[in-house]
Amino acid sequence: MTTKNVKYWDYLCDYAARKDDYLCAVDEVFSSGQLILGAQVALFEERFAEFCGVAFGVGVNSGTDALFLALKGLGVGAGDEVITVANTAVPTVAAIRATGATPVFADVEEGTSLLDVNLLPAILTERTRCIVPVHLFGQMVDMEPLLEFARAKSLLVVEDCAQACGATYKGRRAGSFGNIGAFSFYPTKILGAFGDGGMMITASEDLMVKLRRLRNYGMEAEYCSDMEGYNSRLDEIQAALLNRRLPRVDAAAEKRREIAKIYADGLKDIGDISLPVVRKECCHQYNLYTIRTAFRDRLMIYLREQGVETKINYPTPIHLMRGYDFLGYRAGDLAVTESLCKRVLSLPIYPELEETDLLSVINSVKKFFSLSGSI
Ligand SMILES: *Cc1c(COP(=O)(O)O)cnc(C)c1O
């Protein structure tokens, strides 16, 4: 029997351990005399871009806006088609729609849950303008063939790196492959803020200048817009907090990989479970640890009874959501995506997860399968 509840995610241990440091960062901003687009945002943009191995960073107020403004900055809009996947977080698609463009869904690979690059030629049309590969759960899409296809067909690429901060493909970090990489600092992400935040990174100086204007009413100088823009600035307080956390990202991701290893060792050879597949050219950040089983719903209820919190990422594929009816998809259109949505279950994973809790999650999963006789 589990005696203690295991939370799916918890930031309070980290806060308790580093409270003074975080409060000091907040005080620094309050005392600085510069509350909007100050020194902390500038410093974080520079450091984060460097961390990703890209020249420029532009901080914005969310991952959704990072995707939206990236597409805007590249000129994507009404009449254009943007290829992405349907097993992602809704914001990927909301951002595409906000530009007026039409999302077109590619099915995914069974093993990794990631965009199946082999399917791109079949869904290409003369209106296809851009691909938004989603580096889901913390692992990168197979970027080499994707970029080759994009180059051959003159398509733009905006990487959705919201779940993959720091992940690598053949040694290069997520966000450094496409025209723009879009990141989220939503609290549950690999690098989380204490609220909302996002970032676009790019190697192009011209694009960087345009993106800076887009997030600030289209302005370079005060009170005069050079272009139509928006208000989507990374908050100075969040930037100060992110500056404190950035140096620890790699160590935190390493901790996540250690936890994933313990899950993999503990859950192997259990009847109907498949574990996350990691491609050899990838370094997985494990923002989520997502297993698959045909007994998903019953396992989730059993774990809840045992005090273990889990989540489903994601229960409904976007092409079958009521809000996206108008796109005209039907059940059966994306067979692998739809099948995965019925089987995936995300187990607790975060750097502060204690080993005893981790082992009790593993034991509860094992117990479920031995009770149901399928071990
Ligand atoms: C979190 C997330 C986003 C959006 O980020 P917000 O900061 O919440 O707007 C976009 N795409 C994916 C895959 C995400 O997980």
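Okay, let's start right at the ligand: a polar side-chain atom of Ser184 sits 2.6 Å from one of the ligand's oxygen atoms. Keep in mind as we go that this is a predicted model.

Ser184 has company. Over at Gly63, the backbone supplies the contact, with an N or O atom 2.7 Å from an oxygen atom of the ligand. And Gln163 reaches in with its side chain, where an N or O atom is 2.9 Å from a ligand oxygen. So how much of the ligand does the protein bury? Taken alone, the ligand exposes 380 Å², and 91% of that is buried by the protein.

And where is the ligand, in terms of pockets? The space it takes up is the largest pocket. Two elements each give two or more residues to the shell around the ligand: helix 3, residues 63–73, and helix 4, residues 90–98.

Let's go through that shell. There are 14 residues around the ligand, and the ones that come nearest are Gly63, Thr64, Asp160, Ser184 and Lys189. What kinds of residues make up the shell? It divides into seven polar, five nonpolar and two charged.

Okay, away from the ligand now, to a sheet. This one is open, has three strands in the order 7-6-10, and pairs antiparallel. Why is one side of strand 7 and of strand 10 left without a neighbour in the sheet? Strand 7 (172–173) and strand 10 (282–283) are at the edges and each has a single partner strand, so there is nothing in the sheet on the other side. Strand 6, residues 168–169, runs antiparallel to strand 10, and two bridges join them. If you want to find one of the pairings on screen, look for Tyr169, whose bridge partner in strand 10 is Cys282.

Last bit: two backbone details, both in loops. Going from Asn313 to Tyr314, the peptide bond is cis, with omega near 5°. You'll find Tyr314 in the loop between helix 10 (296–305) and helix 11 (335–343).

The other detail is at Phe137. Its phi is near 70°, which is a positive value in a residue other than glycine. Phe137 belongs to the loop that links strand 4 (128–131) and helix 6 (143–152).

That's my tour, thanks.

Definitions and conventions
Residues numbered from 1 in each chain as written. Predicted model: local features only at pLDDT ≥ 70, side-chain atom pairs only at ≥ 80, totals over all residues. Heavy atoms only, no water. Near = heavy atom within 4 Å. Polar contact = N/O pair within 3.5 Å; in protein donor to acceptor, adjacent residues only side chain to side chain. Areas by Shrake-Rupley, 256 points an atom, 1.4 Å probe, with all protein chains shown as cover. 1 Å grid on protein atoms, 1.4 Å probe; cavity = no way out; pocket = protein on both sides within 12 Å on 5 of 7 lines; lining within 4 Å. Sits in = over half its atoms within 2 Å of the grid points. Helix = DSSP H or I, 4+ residues; strand = E, 2+ residues; numbered from the N terminus. Nonpolar A, V, L, I, M, F, W, Y, C, P; charged D, E, K, R; others polar. Pairing = 2+ DSSP bridges.
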